Amino acid sequence: MAREIAINIYLFFFGMVFKFFNILFPTKDKVVHVVSFSENSINIYKEWKRQEQSCRTIFLLTKSSLTSEFNAIKQDDDQILQFTPSSPIAFLEGLFHLATTKIVLVDNYYGFLANIRFKTEVKCYQLWHANGAIKRFGLKDPSNKKRSKQALIRFQKVYKQFHQVIVGSDKMKEIFKEAFNLNENHFLPIGIPRTDVFFHEESIYKKKERLLQQYPELRTKKLILYAPTFRDENLETYELKIDLELLYQDLRDSDYLILLKLHPAIRNTVTVDDSMKDFVYDFSHFANTNELLFLTDILVTDYSSIPFEFSLLNKPMIFYPYDLNHYKESRGFWTEYKELVPGPVVYSTNELIEVIRQQCFDYHLINTFNHEWNTNNDGKASYRFVKYLQADLHSEHKKVERNQ
């Protein structure tokens with residue numbers, strides 16, 4: 001109850017300030033990115049500049065989403081603003097831009113969308129941060145049963161703000177329809193910008209080389225990336241459910257090394273023993289997961305969306321859902337878990353080691369999975385989206401000219 005009250009107070013003031021700016025100031029040719037995850041926004045921005053398009057770009061983000069990739073954004077009057085009340089001046093400036101832009105790009109659920117009303121000429125695009133989905137979210141999240149009626153109404157208001165949702169496949173479109181309660185007209189099947197890099201061999205090579213120069217010891221090894229999905233329970237007492245000591249004892253004399261990619265909220269509670277420092281490398285601090293995938297030979301994960309992009313590389317995956325029954329009850333799946341994932345399912349470190357040693361991988365299954373979930377992803381998604389946004393801006397200019 002207290003949390004709902006705090007949310008409502010915040011959204012009320014957010015809405016009031018937005019309305020003030022919205023009434024007093026006209027909309028301008030701007031693109032405002034509200035960013036939780038950098039890859040989509042950075043790809044779109046780079047493509048925008050490559051096409052030499054002229055339109056001011058504003059990035060509204062939190063400190064945790066400010067990656068090194070944003071260092072390149074210093075052109076013209078483009079801006080990066082910390083969009084949090086703890087930075088009040090930047091927050092107000094960000095609110096001003098949000099209220100006076102013609103194009104808004106969001107990549108997550110943002111509650112403030114429930115309490116604002118864009119002008120009719122404004123378009124809000126949802127560039128969801130995942131290319132596919134295993135676990136349920138949005139209106140189909142099982143935890144909604146514990147939510148208040150007011151919270152569920154707020155969710156619906158947020159989803160109604162999306163003029164269009166960018167999708168990489170029909171399968172993901174069908175999921176969004178249920179999660180956001182949207183119809184067919186709300187979707188742009190032009191591909192996900194963050195997947196473009198998977199089709200550019202030269203770019204992949206450069207990203208790999210940059211990492212290998214920092215970690216030359218990885219160059220001659222086969223790399224197993226363990227990237228479990230984020231769980232928001234027991235953060236203070238989190239324990240890694242993969243037995244690193246057992247992996248070390250069994251695989252240390254092989255060509256394999258282990259890379260860890262844990263969520264920032266839990267990585268500080270996991271320590272790697274000094275005796276394994278040449279076998280286990282913690283990359284939890286590394287912001288761009290896609291770049292790690294280019295080095296990875298075998299991916300080990302559970303309910304993460306990483307496999308949907310990793311399948312573009314046609315490399316093997318192992319699924320380690322150690323809490324499958326509990327997770328199915330608390331979060332739910334869009335499809336029966338074992339029918340969806342394109343790789344062996346294991347429930348212990350011993351089983352994991354056995355699959356690694358036996359190389360029990362079905363590449364045909366991986367390829368089928370890739371074609372189903374990456375139908376529209378071909379390396380040109382950013383190009384198409386920028387062209388689409390430009391057409392949107394130009395059409396607005398024509399409307400204004402006709403009305404003058």
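This is a short walk through three helix pairs and one pocket in a predicted model.

**Stop one: H1 against H3**

Start by selecting residues 2–24, which form helix H1, and then add residues 88–100, which form helix H3. The two pack with their axes 8 Å apart, at an angle of about 60 degrees. That angle makes H1 oblique to H3. Look at the sense of the crossing too: H1 and H3 cross right-handed.

Now show side chains. On the H1 side, pick Tyr-10, Phe-14, Val-17, Phe-18, Phe-21 and Asn-22. Facing them from H3 are Phe-91, Leu-92, Leu-95, Phe-96, Leu-98, Ala-99 and Thr-100. Colour the contact by residue class and you should get 11 nonpolar and two polar residues, with no charged ones.

**Stop two: H1 against H4**

Keep H1 on screen and bring in helix H4, residues 149–160. Here the axes come within 11 Å and cross at roughly 40 degrees. So H1 is oblique to H4. The crossing of H1 with H4 is left-handed.

Which residues make the contact between H1 and H4? From H1, select Glu-4, Ile-7, Asn-8 and Leu-11; from H4, select Gln-150, Ala-151 and Arg-154. By class, the contact of H1 with H4 divides into three nonpolar, two polar and two charged residues.

**Stop three: H7 against H12**

Clear the selection and move along the chain to helix H7, residues 244–251, together with helix H12, residues 349–358. Their axes lie 10 Å apart, and the packing angle is about 30 degrees. H7 passes H12 in a right-handed crossing.

For the side chains, take Leu-246, Leu-247, Asp-250 and Leu-251 from H7. They meet Thr-349, Asn-350, Leu-352, Ile-353, Ile-356 and Arg-357 of H12. In this contact there are six nonpolar residues, two polar and two charged.

**Stop four: the second largest pocket**

Leave the helix pairs and turn on a surface. The second largest pocket has a volume of about 400 Å³. To centre your view, select Asn-43, Lys-46, Asp-196, Val-197 and His-200, the residues nearest the middle of this pocket among the 19 that line it.

Which helices supply at least two residues each to the lining? Select H2 (38–50), H6 (201–214), H8 (289–295) and H14 (381–403) to see them. Of the contributors, H2 gives the most, with five residues.

Finish by colouring the lining by class: nine residues are charged, seven are polar and three are nonpolar. For contrast, flip back to the contact of H1 with H3, where no residue is charged.

Definitions and conventions: Residues numbered from 1 in each chain as written. Predicted model: local features only at pLDDT ≥ 70, side-chain atom pairs only at ≥ 80, totals over all residues. Heavy atoms only, no water. Axes fitted to C-alpha atoms, helices over the stretch in contact; angles between N-to-C directions. Helix = DSSP H or I, 4+ residues; strand = E, 2+ residues; numbered from the N terminus. Parallel < 35°, antiparallel > 145°, perpendicular 65-115°, else oblique. Left-handed = near helix turned anticlockwise from the far one by under 90°. Contact = heavy atoms within 4.5 Å. Nonpolar A, V, L, I, M, F, W, Y, C, P; charged D, E, K, R; others polar. 1 Å grid on protein atoms, 1.4 Å probe; cavity = no way out; pocket = protein on both sides within 12 Å on 5 of 7 lines; lining within 4 Å. Points joined across faces, edges and corners; volume = space filled by probe spheres on them.
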